[in-house]
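Walk me through this structure, please. I have not seen it before, and short sentences would help.

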Amino acid sequence: MKTLLWAALLAAGLNVAVQTCANAANMTLDVPIKKVGVIAVCTGVGSAKQDARWKAYSVRLSFSNGGSQYIAGERVILSRDEKTIAVLDCGAPWILFKLPEGSYSLKATIPDQTGVMTRKAIFKIEDGASQQRVGIRFTELQPNE
């Protein structure tokens, strides 16, 4: 009986994970997307990171390895009030968000790298505040990986 219960729980968990991955939006570099009232852009490569439009975004996530070098290939799950509002895959070291006022949490991972732990962050957006910068470091990844 215990084995069946654990198997059911494991299957349910795998089903949720597969749905989350299947619903991930693959972001095109430097092209803003809108999803459930959230505007996001995947950027941070070359001269595009100097684009003046990016200053209007309320939060900038940046991703780095254990050597503080920018990395790409992250998956981010953004939530508000414990409800997932966006699942995004980005091939650049920054994800910028335009978000309404409120508290948010996110989970970030690098799906193509084995042994990388999920990172979590919590931040609050207030009207009129300057852009917040949230750094996510994957210390398991060594420099130049």
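What follows goes from the whole chain to its strands and then to its charged side chains.

This is a predicted model, in which local features need pLDDT of at least 70, side-chain atom pairs count only at pLDDT 80 or more, and totals for chains, interfaces and linings use all residues. Residues are numbered from 1 along each chain as its sequence is written, and side-chain values use heavy atoms, with hydrogens and water left out.

Start with the overall layout. The chain has one helix and ten strands. Helices (H or I, at least four residues) and strands (E, at least two) are DSSP runs, numbered from the N terminus. The helix comes before the strands in the order α-β-β-β-β-β-β-β-β-β-β. Of the 145 residues, 37% count as buried. Buried means under 20% relative accessible area, exposed over 50%, and partly exposed in between (1.4 Å probe, protein chains only).

Now look at strand E3, residues 38–43. Five of its six residues are buried. E3 runs antiparallel to strand E2 (residues 33–35), with three bridges joining them. Two strands pair if DSSP finds at least two bridges between them. Lys34 has Ile39 in E3 as its bridge partner. Two residues lie between the strands of this hairpin, and Val36 takes a positive phi near 50° there. E3 is also joined to strand E7 (residues 94–98) by five bridges, again antiparallel. Here Cys42 has Ile95 as its bridge partner.

Ile95 leads on to Arg60, in strand E4 (residues 59–65). Arg60 is in contact (heavy atoms within 4.5 Å) with residues beyond four places in sequence, including Ile95, Trp94 and Tyr70. Which side chain of opposite charge is nearest to Arg60? That is Glu74, 11 Å away; Arg60 is buried yet has no salt bridge. Lys and Arg count as positive and Asp and Glu as negative; His and the chain ends are not counted.

Salt bridges do occur elsewhere: the structure holds three. Each is a side-chain nitrogen of Lys or Arg within 4 Å of a carboxyl oxygen of Asp or Glu. Arg53 and Asp51 meet at 2.9 Å, N to O. Arg53 is partly exposed at 44% relative accessible area, and Asp51 is partly exposed at 27%.

Asp89 and Arg75 meet at 2.7 Å, N to O. Asp89 is in strand E6 (residues 83–90) and Arg75 in strand E5 (residues 74–80), 14 residues apart. Both Asp89 and Arg75 are buried.

Arg119 and Glu140 also meet in a salt bridge, at 2.7 Å, N to O. Arg119 lies in strand E9 (residues 119–125) and Glu140 in the segment after strand E10 (132–138), so the pair ties together parts 21 residues apart in sequence.
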